[in-house]
Amino acid sequence: MLELQNINFTIQKGSEDVHLLEQINLKMPTGHFMAIVGPSGCGKSTLLKLIAGINQESEGDIFWNGRNLSEEGDLEHSEIGYVPQFSIAYDELSVEESIESSIRLRAKTRGRNNFHDLVDRILESTGLDAIRDRPVRVLSGGQKRRLSLAMELVTDPVLLLCDEVTSGLDPKSEQEIVKLMHDLSRNEHRIVVNVTHSLANLDLYDSVLVLHEGKVVYHGQPRALEHYFSVEEAEDVYPQLVKRPSGDWAKSWMKHREDFYAAFAKPQAMDPESSVSAETPGPISQFFALFFRRWKILLRDPGQLFLQLAILIGFPVLVILFDLDGVEQVKRLSETLPSTLQQMEQEKEAMTHNLNLGGLVSGLVMFQIVLLTLMGSNNSAREIAGERLIFEKEKLGGVRPSVYLMSKIAFLSILVFIQSFWMAAFVQAVCKLPMETFAQHLTLLLLVNGAMTAICLGISALAGTADQASLLSIYLVGFQLPLSGAVLALPGWAGWITRPFISAYWSWAGSMDSLQRDYLRYVDEVTDTWLAPFVACLAVLMAHMLIGLFLAYIGVKKPRWRE
Ligand SMILES: Nc1ncnc2c1ncn2[C@@H]1O[C@H](COP(=O)(O)OP(=O)(O)OP(=O)(O)O)[C@@H](O)[C@H]1O
Ligand SMILES: [Mg+2]
């Protein structure tokens, strides 16, 4: 039995209280299929999210089989299936892979056979067996809704909550999906609730709840609906509702409520222990499921893959283009001391030449760094923001935010490592930068890419949308070069203010520190910017990386439903 008692849901808008749901009282037995209907904006989704635990009621209690959920703890993740209006599957995966992924993240199974049996059972029960190999991208609207339902069934939930899963479908598909939900509710442990503003197919439901301006104005058998509202057809209920204030409707309903409940609330032997929902898998299983799925999605996305490869190969080539003239010069560096006038002349020439070289080496390193920061932002700006709703949904299903973040860190670390190593090694092989310690330079390139990737991941986790995250990350990269001080020195005080935030500066300064000493002198002459010692650069870049990851952690923990 699911029971809502005196539920109010109020939000603050400025200084005013807005009552989105008022005095909601309702109950339904298990094995029940209920529709929540009502005009747009009446609070249907809000009520569903409240039952799902996404929204927290301001007042009142929700009981499940006599257990007060707000006092004795919510239902387990696996006990609730919540099907939102948006698609919760990745386009790159197939129908079967989507269900498999859902099982790996949400339902512990014993052995491979059990796992495959469960997949087969779900595919059959939702009528998806014939299209199990089809990619999600090409599915029709109705098939996508079916898949969303299927992905929620992996835990065998006791409460299946569906938001507008039939909206936008043609009448035939709509009827099929309602029929499917009806069949799923014919299970003594389960309640299925469907939010819809369609008043078709109501006879398939055990009860219909009509909401009007946040209040319950009817909850009873579908066939009594027309009679109660004194209309010919269910479709006429909405026009009828606007004829009286919602408070009046709610009051009338209070009077009739008990009689209506007596008609459909069949007495049941409740056994709260008989819940059969699956157990949520441990963090390590979830980690690997997320990590391998991420690789699969990358490898199946030709656009993304092409971009990653083009950047990986193209950027280092871009760096050496600037050095085509300089490569020879680097090798001809004069080291002889002057003794005659002629030699003095030669030395002056050599000095100018050396200063040029200093500028060239510094510029090349800076260019490497800026391109790596660009790669970093490309790696992670959309990583979380781009799949936020799916992640929110998976979080509700029991995916741990910290495990999700770990899977992102593992995935991105591999990209960062490949990109930075290749950039450092390729440029070094061609340009032979006069590094005293190449390892030091390589470490700083790794760290600057890592820092930017981590910070953009933080932005991605906190941003409202993927576009917002991309834009912010691009700005961040755009400021790296001008504020690094490698090209033009900033006035002293401005440098000290901006420097702590500019990863590129620390990577560059540290790399200059790893140059052969003569070059360091020339670089010092040409740039006029304070060069921090290597250890300081290492520490600051690590700090940037940790701050980025911390922000990402805060961001993934924070609930962010935006539909
Ligand atoms: N977090 C929120 N902050 C402010 N307003 C909100 C919030 N959540 C919902 N609302 C408002 O509450 C009202 C009910 O929203 P809800 O999404 O529940 O409507 P609905 O009945 O599902 O409508 P539809 O049929 O269009 O989906 C709307 O006016 C909506 O703008
Ligand atoms: Mg809604």
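**Entry 1: strand β7**

I started with β7 in this predicted model and asked how many of its residues are buried. Five of the five are, so β7 is largely enclosed by the rest of the structure. I then checked each face of the strand and found both covered. L159, L161 and D163 are buried on one side, and L160 and C162 are buried on the other.

**Entry 2: the partners of β7**

Next I looked up which strands pair with β7. On one side I found β6, which runs parallel to β7 and is joined to it by four bridges. Y82 has L161 of β7 as its bridge partner. I followed L161 onward and found that its bridge partner in β8 is V193. Strands β7 (residues 159-163) and β8 (residues 191-195) also pair in the parallel sense, over five bridges. I noted one more pair here: C162 has N194 as its bridge partner in β8.

**Entry 3: the whole sheet**

I stepped back and asked in what order the strands of the sheet stand. The order is β6-β7-β8-β3-β9-β10, in an open sheet of six strands with mixed pairing. As a reminder to myself, strands of a sheet pair through backbone hydrogen bonds, either parallel or antiparallel.

Which strands stand at the edges? I found β6 (80-83) and β10 (215-220) there. Each has a single partner strand, so one side of each is left without a neighbour in the sheet. I also looked up the turn between neighbouring strands of this sheet: on average it is 15°, direction ignored.

I then searched for a helix on the sheet and came to α6 (residues 171-185), which packs on it and touches β3 (32-37), β7 and β8. The direction of α6 makes about 155° with that of β8.

**Entry 4: strand β8**

I gave β8 the check I had given β7. Five of the five residues of β8 are buried, and the strand is mostly covered. I191, V193 and V195 are buried on one side of β8, with V192 and N194 buried on the other.

I then looked at the pairing of β8 with β3, which is in the parallel sense over five bridges. In this pairing F33 stands opposite V192 of β8. I also traced how the chain gets from β7 to β8: it crosses through α6, and this β-α-β crossover is right-handed.

**Entry 5: two positive phi angles**

I went looking for positive phi values outside glycine and wrote down two residues. E164 has a phi near 55°, and I found this residue in the loop between β7 and α6. Is E164 buried or exposed? It counts as buried, because 21 C-beta neighbours lie inside 10 Å and 20 are enough for that label.

Q23 has a positive phi of about 45° and is not a glycine either. This residue lies in strand β2 (residues 16-28). Q23 counts as partly exposed, because it has 16 C-beta neighbours inside 10 Å.

**Entry 6: around ligand 1**

I asked which residues are around ligand 1. They are I11, L20, G38, S40, G41, C42, G43, K44, S45, T46 and H197. I sorted this shell by kind and got three nonpolar, seven polar and one charged. Then I asked which helix gives the most to the shell. Helix α1 (residues 44-52) does, with three residues.

**Entry 7: a last look at E232**

I closed with E232, which lies in the loop between α7 (225-229) and α8 (237-241). E232 is exposed, because it has 7 other C-beta atoms within 10 Å and a residue with 12 or fewer takes that label. I also looked up how E232 stands to K49. The two are 183 residues apart in sequence and 32 Å apart in space, C-alpha to C-alpha.

Conventions: Residues are numbered from 1 along each chain as its sequence is written. Chains are lettered from A and ligands numbered from 1 in the order in which they are written. This is a predicted model: local features need pLDDT of at least 70, side-chain atom pairs count only at pLDDT 80 or more; totals for chains, interfaces and linings use all residues. A residue is near a molecule or strand if its C-beta atom, placed from the backbone, lies within 6 Å of it. Ala, Val, Leu, Ile, Met, Phe, Trp, Tyr, Cys and Pro count as nonpolar, Asp, Glu, Lys and Arg as charged, and the others, Gly among them, as polar. Two strands pair if DSSP finds at least two bridges between them. Axes are lines fitted to C-alpha atoms, for helices over the stretch in contact, and angles run from 0 to 180 degrees between N-to-C directions. Two residues are in contact if their C-beta atoms, placed from the backbone, lie within 7 Å. A crossover is right-handed if, with the strands pointing away from the viewer, the path from the first strand over the helix to the second runs clockwise.
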